[in-house]
Structures are given as C-alpha cells and as structure tokens.
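Me: I am new to this one. Please show it to me, then explain the terms as we go.

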Amino acid sequence: MNVQQLVEPDRVHKSVYTDQAIFDAEMERIWERTWVYCGHESQVPAPGDYYAVTIGRQPMIMVRQGDGSIKVIHNRCPHRGVQLVGNLKGNTGNAFVCSYHAWSFHLDGKVRAIPLAKGYENTRMTRDNPDCSVKPAVRVDSYRGFVFASLSDEGPPLADFLGEARIAFDDMCDRSPVGEVEVVPICHRVIQHSNWKFFMENQLDSLHPSVTHQSTGISAGRVEKRLKAEQGAAPLYYHYLSTFASSFEQWDAVQTINFPRGHGILKAYMGLRPRDPDTLEHEAQLVKAYGAEKAEEYLSRSIHHVLVYPYLSVQSPLQQLRCLRPISPDKTLSEIWHFRLKGAPEAIYRRSLWYYNLVNSPATMINADDLENWTKGQWGLQSNGGDWVSFHRWYGDDREEKGVTYSNHGTSEAVMRNQFRAWTQYLTA
Ligand SMILES: [Fe+2]
C-alpha cells in the first residue's frame with residue numbers, strides 16, 4: 001500500500017474508504033496510537049463505576065478508582081482472555097471478577113486473587129508476574145472532565161494533541177456558571193453504513209446543507225414564519241431547522257479554520273441569545289461568575305462545530321458531542337451524547353435537548369438525510385464507476401498561516417484536504 005499514491009492534494013483514491021488493509025492500517029497507526037476519547041468523567045461518578053469503550057479495535061474499560069482517579073484498562077482477563085465486563089456500563093464494586101474462573105482484579109487491573117493458587121506454584125503464572133494483571137492503557141488524561149486514553153507511549157501529551165480544538169471543551173464548559181458540564185447518561189448509538197471519513201468530512205461541509213437539508217429547512221421555515229405572524233414569536237427550535245435552508249451564499253460566507261492533525265472549526269454564530277427570561281437569567285449567572293467582559297466573550301463565540309480529528313464532532317454552544325468508533329471500512333458506530341451545563345437554568349438544558357432530538361437524533365430528518373447520503377456514497381465508491389473522490393473546490397484559494405488553513409469561502413473543500421493531510425501523516429509516520 002502506497003499511501004502517497006492514494007492521496008493527492010486535491011483528490012483521493014476511493015480505496016481509502018473501502019479497502020480492508022487500509023482500514024486495518026488506520027486502526028493501528030491512528031486509533032491505537034493517538035489519544036482517543038473515552039467519555040466524560042460524570043459517566044463514572046462513583047468508585048467501581050465503569051463504562052466499556054472501544055479504542056481502535058481494542059475493547060477497553062474506563063473505570064473510577066477508589067482514590068477518585070479514572071483508569072482505562074483492557075477488557076480482558078489475563079488468564080484465558082475472557083472479557084471482564086459484558087455490559088456497556090455498571091458498577092463492579094471494588095474488584096473485577098472474571099466470570100470464567102473467578103480470577104479477580106483491583107480497579108486498576110492489578111491482580112487481586114487467583115483462586116486455587118497452589119496449582120500455579122512453580123509455573124510462570126504466579127501473582128508476582130505482571131502478566132497476571134490486566135493490561136492498562138499506556139496513558140490516560142482528561143481535559144475539563146473529558147477523558148482520553150492512548151495505547152502508545154509515543155506522541156504528544158493530550159493538550160498538545162488537542163491543540164486549538166480544545167476550544168470545543170472550553171466553549172462547552174465556560175457556558176456553565178461553575179465551569180463544568182455533566183453528561184446526560186443516555187446516548188443514541190447509531191451504526192452508519194459508511195466509512196468513518198464520510199462523517200468527518202460532512203461535519204464542516206457547508207456546501208451540503210442547502211441541498212441535503214433543503215426540504216426540512218424550508219418546511220420548518222414555513223411553520224416558523226406562520227407562528228411569528230400569528231403569535232408574534234416562534235419557538236427557537238423551528239429556527240434550529242430553518243437555518244439549514246439558509247441560502248448557498250450565506251453558507252459560503254462562513255469560514256472554516258483548519259488546524260494541524262486534521263482538527264477544525266466551522267465558524268458561525270448560532271444565535272442562542274433570544275431575550276427570554278431564561279436566557280437573561282443564564283447570562284446574568286455568567287456575568288456574576290466571570291465578570292461582564294468574560295461572559296460576553298463566552299456567549300458570543302462564533303462556533304458551529306469543532307472537529308477533533310478523527311473521531312469527534314462537538315457542537316459546543318449546544319453541548320452536543322458525537323463520537324465515532326469505526327467497525328469496518330463500511331461500518332461505523334456513532335455515539336451521540338449531550339451534556340447539561342451545571343448550575344444553569346433548566347430551560348437552557350431543554351433548549352439543547354431540542355437540538356439533540358431535532359437535529360442529531362437518528363430519528364430526525366436532518367440526521368436521516370445525512371445518513372442516506374453517506375450510505376449511497378459508500379455504495380458509489382465500492383463500484384467501478386470511477387476511481388477518485390474530488391476535493392477541488394476552491395483549491396489554491398485558501399489562506400495558510402503557520403500550519404493553519406483559513407478558508408476564504410465556507411464551501412471550500414479545505415476541510416477535506418486538511419483532514420487528508422493529517423491522515424497521510426498518521427499513515428506514513
Ligand atoms: Fe448534513
């Protein structure tokens with residue numbers, strides 16, 4: 001496999017979306033080396049709370065320790081290799097006990113007891129052998145409550161890996177008067193029948209909403225207009241949908257900022273500051289907590305999406321986070337999470353819940369229209385109808401400064417070009 005022959009600055013070969021060997025290389029050289037998002041610390045509030053999470057192809061467990069820290073360990077008993085937890089989440093008490101032969105382990109994975117240990121005397125499998133303990137992730141770290149793990153000791157620390165994409169978590173947390181969010185413990189889990197890259201490219205693709213989401217946007221806009229005429233105002237959630245039908249010129253006027261490692265931002269102020277009493281109360285809370293100047297900075301950030309490449313899409317102004325767990329070249333699990341701003345009025349949470357259900361839920365017409373495109377995209381790329389995927393739009397027009405690419409047009413395919421630049425670096429490193 002010659003990666004350089006598959007990725008050109010303005011187009012990529014279809015096999016990067018369809019080939020099993022390339023998928024395996026991605027898992028090995030990207031997911032199983034870099035920092036991967038595990039979850040939010042509020043998913044495991046008490047000692048013994050765990051959450052099963054996949055890093056690349058590795059089943060892992062994120063677990064709260066007795067001392068309050070969080071560890072990430074392989075979901076594998078070192079005896080015969082049986083998975084230690086079968087559920088997605090739960091509380092394991094003060095130990096993991098394997099269901100096969102009852103080997104037990106402390107919450108950090110270190111062996112606690114081997115039943116009938118006499119049978120292992122004078123073998124290599126005695127409890128002082130590190131092989132008797134569950135293998136931990138090499139590195140675990142968190143940023144503002146969001147937990148990441150790396151299966152490699154090489155590469156930058158978490159904060160450097162995230163780089164400018166840290167704004168995703170800052171923007172989310174800064175909107176809370178106490179600077180913290182907590183997870184809403186149920187997420188949508190959706191299997192996308194397409195390569196993971198379709199999703200990542202789509203997130204900052206300003207060229208598609210006025211086409212893909214036109215029918216939904218126009219319908220919502222009609223109702224919004226009618227309600228405004230009849231009642232003087234329409235609920236904000238109509239606006240969530242009607243903006244998808246913004247004109248091509250409006251989408252072209254926004255900007256994408258494309259960072260090293262494939263991360264990026266789609267700017268666009270989401271207009272979440274109506275003058276209703278709940279919004280005013282929320283704003284007053286932030287002024288009290290941070291002062292007028294900081295509060296204004298936090299409330300007026302121009303962010304629509306932040307991408308943490310290659311697996312997160314964060315809509316920080318509405319506390320939404322989607323995480324990819326690739327399964328195969330044409331199958332991707334997405335987890336669709338949302339968060340509560342700690343200390344903020346309940347109505348502000350309700351507002352983000354509307355967005356979660358109306359835009360990001362698999363049951364909505366927005367997400368469903370995207371899912372259909374990605375599936376059809378996968379089918380098209382698996383065919384013999386052509387070999388290349390085009391990312392030529394506004395090629396040569398973007399502005400680059402110190403490794404950051406600023407698009408002059410919202411619809412520039414700078415986003416995809418930047419992602420494949422990172423992808424190539426990962427695969428050839
Ligand atoms: Fe879309």
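**Sheet and cavities**

Reply: An open sheet has three strands in the order β8-β9-β10, paired antiparallel. β8 (96–97) and β10 (111–113) are at the edges, each with a single partner strand, so one side of each has no neighbour in the sheet. The model is predicted: local features need pLDDT of at least 70, side-chain atom pairs 80 or more, while totals for chains, interfaces and linings use all residues. Residues are numbered from 1 along each chain, and side-chain values use heavy atoms, without hydrogens or water.

Me: What makes β9 and β10 a pair?

Reply: Strands pair if DSSP finds at least two bridges between them. Strands are DSSP runs of E, at least two residues, and helices runs of H or I, at least four, numbered from the N terminus. β9 (residues 104–105) and β10 have two bridges, so they pair. S104 has A113 in β10 as its bridge partner.

Me: Why is the space of about 200 Å³ called a cavity?

Reply: On a 1 Å grid over the protein atoms alone, a cavity is a set of points where a 1.4 Å probe fits but cannot get out. Its volume is the space filled by probe spheres set on the points, which are joined across faces, edges and corners. The largest cavity comes to about 200 Å³.

Me: Which residues line the largest cavity nearest its centre?

Reply: N202, H208, F244, H305 and D370, out of 20 lining residues. Lining residues have an atom within 4 Å of a point. α14 gives the largest share, four residues.

Terms used:
On a 1 Å grid over the protein atoms alone, a cavity is a set of points where a 1.4 Å probe fits but cannot get out, and a pocket is an open set with protein on both sides within 12 Å along at least five of seven lines; lining residues have an atom within 4 Å of a point.
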